[in-house]
Amino acid sequence: MKRHEALHPLSHHHHHTLVMAQQLKNADEKASIQQMTRDVIEFWKNDGEDHFRDEEEVLLPLFAQYQEIDIPEIREMLIQHVQIRSYVQQIRGMRRKDRQIFRNLGELLQKHVRLEERIIFPMIEQAIPENYLYQANGRFHRDSYSGF
């Protein structure tokens, strides 16, 4: 899917999120719970938390200047942010981890990325003037994998 250049950093984050989601969805009996826990915590600390801030503190306030944001798609996006944060907190705090929580998080991450890439980002690209998208890009954190 062609994405506006200014949103490339967020789409790069999404790519890495989909890789993580696939790993979590495939959490079978062979997968190490300790390793999955470390992977989730590292993913969240290095990229996930900042990515949500980029969207909530930079992108959505800018979008709100050009279009009504009290719409089902934006509400769903923000609810998913809360749910994902909740899963990460549960994984951090659980002494005995259930593999199902990892699979649930993987499913939600995949659903979330698809919502943003297929619905939210196209709405944003259409509504926000290009020069303001580029200005927002300068405020996005850089991906820990690629530096993008």
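Tutor: Angles over 145 degrees between helix directions count as roughly antiparallel. Keep that cut-off in hand. This is a predicted model.

Student: At what angle do helix 2 and helix 3 pack?

Tutor: The angle is about 155 degrees, and the axes lie 11 Å apart. Helix 3 covers residues 72-93. The two helices are therefore roughly antiparallel to each other.

Student: What is the handedness of the crossing of helix 2 and helix 3?

Tutor: Helix 2 passes helix 3 in a left-handed crossing.

Student: Which residues make that contact?

Tutor: From helix 2, take Thr37, Val40, Ile41, Trp44, Phe52, Glu55, Glu56, Leu60 and Phe63. Helix 3 answers with Ile74, Met77, Leu78, His81, Ile84, Arg85, Val88, Ile91 and Arg92. By class, the contact has twelve nonpolar, two polar and four charged residues.

Student: Now helix 4. How do I read its angle with helix 2?

Tutor: Use the other cut-off: angles under 35 degrees count as roughly parallel. Helix 2 (residues 33-64) and helix 4 (residues 99-127) cross at roughly 25 degrees, and their axes come within 13 Å. That makes helix 2 roughly parallel to helix 4.

Student: Is the crossing of helix 2 and helix 4 left-handed or right-handed?

Tutor: It is left-handed.

Student: Which side chains should I look for on the helix 2 side and the helix 4 side?

Tutor: Residues of helix 2 in this contact include Met36, His51, Leu59 and Phe63. Among those of helix 4 are Arg99, Phe102, His112, Glu116 and Ile124. The classes come to twelve nonpolar, three polar and three charged residues.

Student: Where does Phe52 of helix 2 appear?

Tutor: Phe52 is part of the contact with helix 4. Phe52 is also listed in the contact with helix 3. Look for Phe52 again in the next feature, the cavity.

Student: How many cavities of 30 Å³ or more are there?

Tutor: A cavity is a space where a probe fits but cannot get out. The count here is one. The volume of the largest cavity is about 90 Å³.

Student: Which residues are closest to the centre of the largest cavity?

Tutor: Thr17, Phe43, Gly48, His51 and Phe52, out of 13 lining residues.

Student: Which helices supply the lining?

Tutor: Helix 1 (8-25), helix 2 and helix 4 each supply at least two residues. Helix 2 gives the largest share, six residues.

Student: How does the lining of the largest cavity divide by class?

Tutor: Six residues are nonpolar, six are polar and one is charged.

Terms used
Residues numbered from 1 in each chain as written. Predicted model: local features only at pLDDT ≥ 70, side-chain atom pairs only at ≥ 80, totals over all residues. Heavy atoms only, no water. Axes fitted to C-alpha atoms, helices over the stretch in contact; angles between N-to-C directions. Helix = DSSP H or I, 4+ residues; strand = E, 2+ residues; numbered from the N terminus. Parallel < 35°, antiparallel > 145°, perpendicular 65-115°, else oblique. Left-handed = near helix turned anticlockwise from the far one by under 90°. Contact = heavy atoms within 4.5 Å. Nonpolar A, V, L, I, M, F, W, Y, C, P; charged D, E, K, R; others polar. 1 Å grid on protein atoms, 1.4 Å probe; cavity = no way out; pocket = protein on both sides within 12 Å on 5 of 7 lines; lining within 4 Å. Points joined across faces, edges and corners; volume = space filled by probe spheres on them.
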